[in-house]
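Hi,

Here is the model I said I would pass on. Have a look at it first, and my notes follow below.

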Protein chains: 2
Amino acid sequence: MPNNFYEKAKELIRHTGNRLTHNRLRTLAILLAEQYALTHREIEERLNMKEQLDRVTLYRVLEWLSKNNLVHKIAGDDRVWRFRVNTELHSHQHAHFICTRCTKVTCLSDYRIKSSPSLPLGYLFHEIELTIKGLCAECA
Amino acid sequence: MPNNFYEKAKELIRHTGNRLTHNRLRTLAILLAEQYALTHREIEERLNMKEQLDRVTLYRVLEWLSKNNLVHKIAGDDRVWRFRVNTELHSHQHAHFICTRCTKVTCLSDYRIKSSPSLPLGYLFHEIELTIKGLCAECA
DNA sequence: AATAATATGCAACTTAGTTGCATTTATTAT
DNA sequence: ATAATAAATGCAACTAAGTTGCATATTATT
């Protein structure tokens, strides 16, 4: 039963060349274990069982994970960031589904987005984001 | 020079069957005059010149305008709502462009989205939102 | 084991948005 | 026009997400 999300997390963090810390490890392992995007709050709840982790540190850990392309942030309609792990199979070039009832965010991996739309003159394309809103299987 | 956004705003609010108030009128007129989506703050700034309007009232006015389909809300990456008027030609079934430098939101009216994507079993489609990030003409 | 660079915890802060309640205003029916 | 009434407004106090500065602890290196 020793979960191998910790092993995977360790490998991913080491691979960045930066420091492997307890908090980065715990946080990433939690995100690796989830099928959908978690809020700062939800991650905190999952951490509570074990030793406590400061709110601010968690914000900084998430920011670090994000900047190192281990996770990606999703902006929801409730003004709360949600975080989802980036695996090789799971780049951030995909659509997100937001359930308007339970506010859970699911990544639609198999829904690929066609790139480079036509923009007004002088505009520079950087990234495209597709969000689908509705009810998830549990709420429908 | 008497701007006709007030006339247009009056007509739109009257058409809802609800009360025509000074604040709804002013707010909607401001949004009608803009080419891009405004934050609560930006609307407040534009109001400052004239008589003051309470923060809370403005929030309630914007919520009312939104519920009555006169404007639509856009969730940006900075956790701030932006509001854009809905005209007949300008339904909310379109893409949004967000400039990552100046954070301005522009509606890409001519970028229509194909409807009903395929979702996981049991999921219910409601709405689709396409956001393009990059640099606007002024920031590029 | 000592060092240097970086991560962490704490306290205090900022900012968007919300709630409850008393007062004012827009509409209506007289 | 005016009174009645339902809805809108202003105010004060609140919530909740996220940020900043700084002193202390931890990681990786020598």
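Which residue forms a salt bridge with Arg46(B)? The partner is Glu34(B), and the closest N and O atoms of the two are 3.0 Å apart. Keep in mind that this is a predicted model. The pair ties together distant parts of the chain: Glu34(B) sits in the loop between H2 and S1 of chain B, while Arg46(B) belongs to helix H3 of chain B, 12 residues apart. Glu34(B) is buried, as its relative accessible area is 18%, whereas Arg46(B) counts as partly exposed at 26%.

Since we are at H3(B), here is its setting. This helix covers residues 40–48, and its buried residues are His40(B), Glu42(B), Ile43(B), Glu44(B) and Leu47(B). Those residues pack against helix H2 (22–33), S1, helix H4 (55–67) and S3 of chain B.

S1(B) has partners on the strand side too. S1 (residues 36–39) runs antiparallel to S5(B), with 2 bridges joining them, and Tyr36(B) stands opposite Thr106(B) there. Another 2 bridges join S1(B) to strand S3 (residues 81–85) of chain B, again in the antiparallel sense. In that pairing, Leu38(B) has Phe83(B) as its bridge partner.

H4(B) has a salt bridge as well, between Lys67(B) and Glu63(B), with the closest N and O atoms 3.4 Å apart. The two are 4 residues apart in the helix, so about one helical turn separates them. Lys67(B) is exposed, at 64% relative accessible area, and Glu63(B) is partly exposed at 43%.

Now for the interface. In chain B, 32 residues are in contact with 32 residues of chain A. Together the two chains bury about 2800 Å², with 61% of that on carbon and sulfur atoms. Arg79(B), Tyr123(B) and Lys133(B) supply 22% of the area that chain B buries against chain A, more than any other three residues.

Between the chains, 11 residue pairs are in polar contact (both at pLDDT 80 or more). On chain B, strands S5 (105–108) and S6 (124–135) each supply at least two residues of the side that touches chain A. S6(B) gives the most to that side, with 12 residues. Sorted by class, the side of chain B touching chain A has 19 nonpolar, 7 polar and 6 charged residues.

What does S6(B) pair with across the interface? Strand S6 (residues 124–135) of chain A is the partner, and the two pair in the antiparallel sense over 11 bridges. One place to look is Ile128(A), which stands opposite Ile132(B).

Finally, the charges. Over all chains there are 10 salt bridges, and the count between chain B and chain A is 2. In one salt bridge, Glu129(B) meets Lys133(A), with the closest N and O atoms 2.9 Å apart. Lys133(A) also forms a salt bridge with Asp77(A), where the closest N and O atoms are 2.7 Å apart. That second pair links distant parts of chain A: Asp77(A) is in the loop between strand S2 (71–75) and strand S3 (81–85), and Lys133(A) is in strand S6, 56 residues apart. Lys133(A) counts as buried at 7% relative accessibility, while Asp77(A) counts as partly exposed at 32%. Through shared partners, salt bridges join Asp77(A), Lys133(A) and Glu129(B) into one network.

Cheers

Conventions
Residues numbered from 1 in each chain as written. Chains lettered and ligands numbered in written order. Predicted model: local features only at pLDDT ≥ 70, side-chain atom pairs only at ≥ 80, totals over all residues. Heavy atoms only, no water. Contact = heavy atoms within 4.5 Å. Buried area = accessible area lost by both parts, 1.4 Å probe. Salt bridge = Lys/Arg side-chain N within 4 Å of Asp/Glu carboxyl O. Polar contact = N/O pair within 3.5 Å; in protein donor to acceptor, adjacent residues only side chain to side chain. Nonpolar A, V, L, I, M, F, W, Y, C, P; charged D, E, K, R; others polar. Pairing = 2+ DSSP bridges. Buried < 20%, exposed > 50% of the residue type's maximum accessible area, 1.4 Å probe, protein only.
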